[in-house]
Amino acid sequence: GKILVAHLAIETFEMARELYVFSALHHWLGTASCHYLYLAIEAAIKYRWCATLQQPVVVTNASGGTITLDKPRHQDLFELIDKMNGDPAWHYREIKINGVQFKAKVKIEELVNDLFKAGVLSKWLQRRLRSGIKLRNIYSHRECSIIFPASIDRIREVARDISLLFHSL
């Protein structure tokens with residue numbers, strides 16, 4: 001339940017923290033640390049969105065077949081086709097989650113908005129998470145290398161934001 005979800009969301013954060021520590025020896029690891037910090041925010045948002053789903057989750061395919069999942073991860077919904085022997089009816093674009101079409105290629109910002117609408121996030125945290133996603137995009141889609149120092153303050157802020165995201169579970 002809650003502990004597993006929190007553990008899974010924290011793995012990426014832990015990588016960022018360790019990269020920060022090693023950036024004292026190799027300054028270019030600071031950039032990788034920042035990148036992983038913002039990847040941790042994205043992972044946490046996806047896990048928290050899944051936690052808002054009514055459990056157990058009923059997934060319906062294009063042919064009307066159903067499967068029940070207990071606390072699925074966001075990624076599990078994309079991998080259903082593989083788990084169902086390549087049956088195209090289970091393609092992520094064809095499935096419904098608890099009767100609602102799965103927004104497969106939804107921008108992560110839309111998941112943040114869904115969490116806000118569900119009352120999980122304050123307006124302040126919604127803005128913080130959206131800023132974190134913008135930074136994730138900046139670090140992920142570079143045309144050239146940059147060196148950006150990691151900071152313990154940035155790590156503390158992301159840790160706080162992730163904690164607040166899971167506070168209401």
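Start with the aromatic rings: this predicted model has 3 aromatic pairs by the rule used here.

Select Y38 and Y139. Their ring centres are 5.9 Å apart and the planes sit at 20 degrees, under the 30-degree cut-off, so this pair counts as stacked. Now colour by helix: Y38 belongs to α2 and Y139 to α6, so the pair ties together parts 101 residues apart in sequence. Turn on a surface if you like; Y38 and Y139 are both buried.

Next, pick F78 and F102. Here the centres are 5.4 Å apart with planes at 70 degrees, which is over 60, so call this pair edge-to-face. F78 is in helix α3, while F102 is in the loop between β4 (100–101) and α5, so parts 24 residues apart in sequence get tied together. Both of these rings are buried. Add Y92 to the selection and you have one aromatic cluster: F78, Y92 and F102.

For a charge over a ring, go to F116 and show K123. The charged end of K123 sits over the F116 ring, 5.0 Å from its centre.

Now for the nonpolar core. Which members of the largest nonpolar core touch the most other members? Select I45 and V59: they do, out of 43 residues. Elements giving two or more residues to this core include α1 (2–22), β1 (57–60), α6 (123–140) and α7 (152–166). Helix α2 gives the largest share, 11 residues.

Last stop: keep I45 selected and show what it touches. Setting aside neighbours within four places in sequence, I45 is in contact with I108, L111, V112, L115, L129, I133 and L165.

How values were computed
Residues numbered from 1 in each chain as written. Predicted model: local features only at pLDDT ≥ 70, side-chain atom pairs only at ≥ 80, totals over all residues. Heavy atoms only, no water. Core = buried A, V, L, I, M, F, W, Y, C linked by side-chain atoms within 4.5 Å. Buried < 20%, exposed > 50% of the residue type's maximum accessible area, 1.4 Å probe, protein only. Helix = DSSP H or I, 4+ residues; strand = E, 2+ residues; numbered from the N terminus. Contact = heavy atoms within 4.5 Å. Phe/Tyr/Trp six-rings, centres within 6.5 Å; stacked < 30°, edge-to-face > 60°. Lys NZ or Arg CZ within 6 Å of the ring centre and 35° of its normal.
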